[in-house]
Structures are given as C-alpha cells and as structure tokens.
Amino acid sequence: MKQNTLKYIGGLLLVLSLGACQRTFVASPVLENTDVPVDKTVTADPQMEAKIAPYRQEVVAKMSEVVGTAPKSLTKGSYETSLGNFVTDLQISQSQKLYGKPINFSLTTDGGLRVPLPEGNITTGHVFELMPFENELVVLTLTGDKVKELFDYAAQAKFVFINNSTYTVADSKATDIKINGKPLETNQTYTLVTSDYLAGGGDKLTMLKNPVKYEKVGMLLRDAILQQIRQLTAEGKPVTAEVQNRVTILP
Amino acid sequence: MKRRDFLRTTAVGAAGISLLGVPFSAVAAQSITLTILHTNDQHSRIDPIPDDGRKHGGMGGMARRKTLIEQIRKEEPNVLLLDSGDIWQGTPYFNFFGGELEYKLMSEMKYDAATLGNHDFDNGLVGLEKMLPHAAFPFVSANYDFSKTILENRFEPYKIFEKQGVRIGVFGLGIELDGLVSKSMYGETVYNDPVAVAREMVQELRDKQKCNLIVCLSHLGYKYSSDKIDDMKLAQQVDGIDLILGGHTHTFLDEPTVVQHSNGHETLVNQVGWSGIFLGRIDFSFNKSSKKKTDVRTAVLPVNTPVTTS
C-alpha cells in the first residue's frame, strides 16, 4: 500500500514536471523499419502508371535516337581523359561561331561529366546522362595571374581538364605552363570557355569568379555536345578523342 | 552504431523510466501513433533505375512508391509524407517537361510538404514558379528569403499538422546556393544562417504554436569534415528539434543518427539515399500521460541492406 502511494506520488511528480514544459504528448520513436525498399516485389500503382505512360512514350522516342558512333568508349579519370578532351575541344568549336572572337582554351571537370560515353552507338539518352544539367556555355576573360591559379588548382585537384595547354605537376603545383604552345604570360589576359556552373565557382574553382569579362555564348553545354556528335556523323566521322599527355607528373 | 544497438539502448532507457509507472496498458490505451514517411533527392527518378548492372539497378520507381504509401495509409491512422528537396534533375523527364510530372505524381501520392534543394533552382526562379501550380502540396522554406524575387510570398517557413490532437511543426532549411547554383538561376534569393533560423523556428513552433513534435526538412547535407553547416552540426547546435530529415549528400543510413542533448532531449537525423530507392519510415508514439518512452517497441529486426538484384 505504502509502496503504491509512493509510486503514485512519483508518477504525479513526473506528470507535473513534464506538464510544466507544456508537452502533453511525448514522442517516442519506433525505429523498426526506417528504410522501406522500393523494389521489384512492390507492384506499380496502375493509376500512376497510366499518368506516366504518355510522358514516358515521348521520352523514350526522343532518347533512343542514335546520333553517332564511338569506336571505343570515352572515359573519365584524372588530369587528362579522352572524355575531357572531347568535351573541352567541342566547347571551343561549338562556341566559336556564336562568340565570334578567339577563345584561347577550354575547361571542364571530371565530376561535371557524369558518365563515360560508351563504345558503339551513342544515343541522345547517353548525352543526357553525360550532361543532365542545364548548364550553359560562357566565355570568361581572365588575368594571367588567375590562369596561373587555375593551373595550380588543376595540378592539385586532378579533376580539372584544360585543353590547348600543357603543364608539369611538381609538388602539387603547376610549372612549365604553356597555352597553345606558348608559355603563360601573367601580365596578359586569356579567354576561356566553360560552363556557367564552373564559372560561378562550382567544384571550388573560385579563381574563375569575378573575371575581367563574363560573356554568355547562348548555348547549353548538352546541346553543344549533341550538335558536335550530329555534325561528326553528318560528315561520316566517328566520335573519338585521344589522350595527348598534356600533363606531365613529376614523381 | 547499428540499428540493433540503438534499439537496445532505447529499451534500457524505457525500462528505467517505466519503473515509476502507471501500468503499460493504461498508457498504451492513450497512445497515438504517427507514421512519418519521407524521401530526399528524388532527382526526377520517375521510373525505376535501369536494371543494367549499375548500382541500385531495378530499385525505385514512383508508381511502386505509391503502392507502398497506399498500403501504409490503410494500416496507420496518422501518416505524414515529406520530402527534403532535389525533387528535380537527373533524368530526361525533367529536361523535357521541366518538373511537371514530378510535382503531379507527388501530388497524386498526397505529399504533405517538401523543401527546396539546390537542383530545384535548375530552371531558375521562373522555372520553379511555372511548375508550382502542379504541386498540390506546400513547400516550406525558413532560411531562404524570396522577398526580393518573383517567388515572394509563395512559400511558408513552416507548416503545422494536427493528428488526433498531436501538433507537428514542419519547417524547411536550404543549403547555401552561392557556388552551387548559378546566380542567374537563384537571382535575389537570400540565404540566411540555418542555425539562427532553426533556433527561431524551435521557439516559434514549441513555445508559441505549442507543437508536440518538431520536424526539420533539411537540404544542408548529412555531415562534412569542413566547418560547413550540416545536419549533424545543426542537431548539435540547436536544441529542441525532434527529427531532421535530410538530403543533398545522398547518404544511406542503417538507422537514424541520434544526437543527445545535455537536457536529455534527443534529435534524430535521417536520410534515405537518393532516387527513391527507399521510402523512409519513422513511427512515433505519443502518450498523453507523459510517460516518456514507456511504449517503445524494442523488436530487433535485421538491418536493411539495399536490394540490388531482386
């Protein structure tokens, strides 16, 4: 009896103390099943399927169109890749007509190119997977100092690809930098074509922010890639790019 | 810590408190359950991930998710369905239709609220505004200030849901857009410090709005080694959030991470990877007689591992 009374008082005190913090309902989590797998054992809801169907048909038709062929796959990696070379080169060739002025070099990053391009038929769908984002091409005018900073970052980060250039990596710094075969002049300005995402400091390319000049090309990067592949195909050419040992790494 | 250990820890806590107590049955009779279902980083994954040998191939799919949600709604009296952002970008559905189908299907599933991820700005403020009429659910965003943009007054910082008398406050936090999203896309949207905003939200929801449970939909990311704000730092620095449902880092967790505060309050942090591979589920029990955790079920279940081949 006495024990029951004590229990009652104990309970009452707890009720009062919790009441004071104004939480009439106290939450207790049950964490038995916090990840419900959405897998093949789950039947697709038929009404949802019906809603998706017309959209899916349109997507499939557009995506399965073959736009070109690659004799071997264009791959991802560090410092210099066939995929990086293909994209940086086409960024210049596709921008040139719209931009109208000389572009010295071109830049992309490994993370920005989401998947490799496969060997064989290349479809619109592959290009969408490679570049799913609505990034547009921009031309930046940069001081030579900023360009030096850019190459140093490329040497250290390994995932930045720059065409029309060669450099040597020593102690995570870039040395012997040449653009179009000529040594980098820090008192000169250079024009660079890249995506608006990277130009905005994406992938920590902070040295690209606040350039001397920022000009939009007026073309999405994905459209540039698609157009390049279509043009190659129209000329009877395959989709290829070689690694040219643009970067020398000292041990 | 594996889920197994977590449940054990919780069971010990429960036993300690139940010694004080009213009989379990009396408590159970007054208990109200709330089932929180959640997704993050759906990335326009309308159809299942192609089953072509890639990671998580054959998993996901919004029509399947609808089936699961319907099933749970039949079993549970109180369900909240929430999303932590990056609904958009990742499949051609977004590129061709601008996010229309994603919003329509989420409305079909009866999402209760979502917050904005960085990729939800990918078609700019104009692209977002254009698609909002397709969303029958509200977006909550407490730390983005849209007052100088075309989206002024289109979002609320929080929303309160009431289920059988239990008040649940849900607020949203977004990631710093500078460097992540092109300025031309987010325009004059101002990013405010998530920690300060979250503290204000807790005060507002707990004290003024008398909420019993505070949920934060966050697109900050789970954990960074740098001092960039993330869900774990938020959970430690802000006292009073019950549950942080995160996104951005595409983190798969075996179980929610528990952050214990000095006053005994616990903040759970959860995230369910990306692409709708999993539907997150957390059940809360509430009891009116103020017995903390007397009714935590302590069944030990195996930790789910991603089913990649089923």
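Across the two chains of this predicted model, helix H2(A) and helix H5(B) touch through a short list of residues: Met48(A), Lys51(A), Ile52(A) and Tyr55(A) on one side meet Glu100(B), Leu101(B), Lys104(B), Leu105(B) and Glu108(B) on the other. Sorted by class, the residues of this contact come out as 5 nonpolar and 4 charged, with no polar ones. As for geometry, H2 covers residues 46-63 of chain A and H5 covers residues 100-108 of chain B, and the two pack at about 175 degrees with their axes 11 Å apart. Because angles over 145 degrees count as roughly antiparallel, H2(A) and H5(B) get that label.

Inside chain A, there is a helix pair with another kind of crossing. Helix H3 (residues 82-99) and helix H7 (residues 221-234) of chain A have axes that come within 9 Å and cross at roughly 90 degrees, so H3(A) is roughly perpendicular to H7(A). From H3(A), the contact draws on Phe86(A), Val87(A), Leu90(A), Gln91(A), Ser93(A), Gln94(A) and Lys97(A). From H7(A), the partners are Leu221(A), Ala224(A), Ile225(A), Gln227(A), Gln228(A), Ile229(A), Gln231(A) and Leu232(A). The class split here is 8 nonpolar, 6 polar and 1 charged.

On to the empty space. The structure holds 1 cavity of 30 Å³ or more, and the volume of the largest cavity is about 30 Å³. Its lining is made up of Tyr79(A), Glu80(A), Asn85(A), Phe161(A), Ile162(A), Tyr167(A), Arg246(A) and Val247(A). By class, that gives 5 nonpolar, 1 polar and 2 charged residues.

Finally, the annotated spans. In an unreviewed entry, UniProt lists residues 67-209 of chain A as "domain: 5'-Nucleotidase C-terminal". In the model, that stretch of chain A is 30% helix and 32% strand, and its end C-alpha atoms sit 35 Å apart. For chain B, UniProt lists residues 35-251 under "domain: Calcineurin-like phosphoesterase", again from an unreviewed entry. This span of chain B is 29% helix and 18% strand, with 21 Å between its end C-alpha atoms.

Note on methods: Residues are numbered from 1 along each chain as its sequence is written. Chains are lettered from A and ligands numbered from 1 in the order in which they are written. This is a predicted model: local features need pLDDT of at least 70, side-chain atom pairs count only at pLDDT 80 or more; totals for chains, interfaces and linings use all residues. Side-chain values use heavy atoms; hydrogens and water are left out. On a 1 Å grid over the protein atoms alone, a cavity is a set of points where a 1.4 Å probe fits but cannot get out, and a pocket is an open set with protein on both sides within 12 Å along at least five of seven lines; lining residues have an atom within 4 Å of a point. Grid points are joined across faces, edges and corners, and a volume is the space filled by probe spheres set on the points. Ala, Val, Leu, Ile, Met, Phe, Trp, Tyr, Cys and Pro count as nonpolar, Asp, Glu, Lys and Arg as charged, and the others, Gly among them, as polar. UniProt positions are given in the numbering used here, feature names are shortened, and annotations may be inferred rather than shown by experiment. Helices (H or I, at least four residues) and strands (E, at least two) are DSSP runs, numbered from the N terminus. Axes are lines fitted to C-alpha atoms, for helices over the stretch in contact, and angles run from 0 to 180 degrees between N-to-C directions. Angles under 35 degrees count as roughly parallel, over 145 as roughly antiparallel, 65 to 115 as roughly perpendicular and the rest as oblique. Contact means heavy atoms within 4.5 Å.
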